[in-house]
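Open your viewer, switch on a cartoon view with side chains at hand, and follow along. We will go from one selection to the next and look at what each one shows.

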Amino acid sequence: AALLGAWRMFSVRRELIACYFAQPIYEEWLADQIANGHILARGFFEDKMLRRAWSQANWLGDGPGRIHPSVEADAAQKRIDMGISTIAAESILYDGIDWWTKHKHRSNEKSQRLKAGLEVPVTEVNGELGK
């Protein structure tokens, strides 16, 4: 319980650092790169909405440590099944890495393992999964 309390405090501080330190520095760096022609971002200086869209960033960090990983994984699955969370949200909470990045890596790993003969493809036969 103490670790969860500390994690909440740290996550609030992390959000403040991202909002008031990292994001403004990133926006200045991006504007400089665009002004110097290193990055092409049409409309960046002319339109405030485009500038905001170009400047958006998600500042993600590691997730909290795990005390009971299997219990916490089951709880995450239940939240997804109940519709009060998503795979993407649970992925970020777990380790700070977005779902899409993991999905691309897992897809690549799967195809490489199949190509190397380390896995047998799973096929659907009469509505049932079989090997």
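A helix here is a DSSP run of H or I with at least four residues, and helices are numbered from the N terminus. Keep in mind as you click that this is a predicted model.

**Stop one: the largest pocket.** Start by showing the pocket surface. The largest pocket holds about 930 Å³ of space. To centre your view, select E90, S91, I92, L93 and Y94, which are the closest to its centre among the 35 lining residues. Next, colour helix 1, helix 3, helix 4 (87-95) and helix 5 (99-115), the elements that each give two or more residues to the lining. Which helix gives the most to that lining? Helix 1 does, with eight residues.

**Stop two: a patch on helix 1.** Select V12, L16 and Y20. Together they make a nonpolar surface patch of about 340 Å². V12 sits in helix 1, which covers residues 2-35. Is V12 buried or exposed? V12 falls in between: it counts as partly exposed because its relative accessibility is 48%, and exposed would require over 50%.

**Stop three: helix 3 and what follows.** Select residues 69-82. These 14 residues form helix 3, which reaches 20 Å from its first C-alpha to its last, close to the 20 Å expected at 1.5 Å a residue. Now click on G83, which follows helix 3 and has a positive phi, near 85 degrees.

**Stop four: the salt bridges.** Side chains of opposite charge can pair when their charged atoms come close. The structure holds four salt bridges.

Begin with R79 and E90, whose side chains meet at 2.9 Å, N to O. This pair links distant parts of the chain, with R79 in helix 3 and E90 in helix 4, eleven residues apart. R79 is partly exposed, at 31% relative accessibility, whereas E90 is buried, with a relative accessible area of 9%. You have already met E90 as one of the residues closest to the centre of the largest pocket.

Move on to K102 and D95, another salt bridge at 2.9 Å, N to O. K102 is partly exposed at 22%, and D95 is partly exposed at 21%.

Finish with E119 and K110, where the salt bridge is 2.5 Å, N to O. Add R113 to the selection: salt bridges that share partners join K110, R113 and E119 into one network. Within this network, E119 is partly exposed at 24% relative accessibility, and K110 is partly exposed at 39%.

How values were computed
Residues are numbered from 1 along each chain as its sequence is written. This is a predicted model: local features need pLDDT of at least 70, side-chain atom pairs count only at pLDDT 80 or more; totals for chains, interfaces and linings use all residues. Side-chain values use heavy atoms; hydrogens and water are left out. The expected span of a helix is 1.5 Å times one less than its number of residues. Patches are made of residues with over 30% relative accessible area and no salt bridge: like charges are joined within 9 Å, nonpolar side chains (Val, Leu, Ile, Met, Phe, Trp, Tyr) within 5 Å. Accessible areas come from the Shrake-Rupley method with a 1.4 Å probe; for residues, only the protein chains shown count as cover. Buried means under 20% relative accessible area, exposed over 50%, partly exposed in between (1.4 Å probe, protein chains only). On a 1 Å grid over the protein atoms alone, a cavity is a set of points where a 1.4 Å probe fits but cannot get out, and a pocket is an open set with protein on both sides within 12 Å along at least five of seven lines; lining residues have an atom within 4 Å of a point. Grid points are joined across faces, edges and corners, and a volume is the space filled by probe spheres set on the points.
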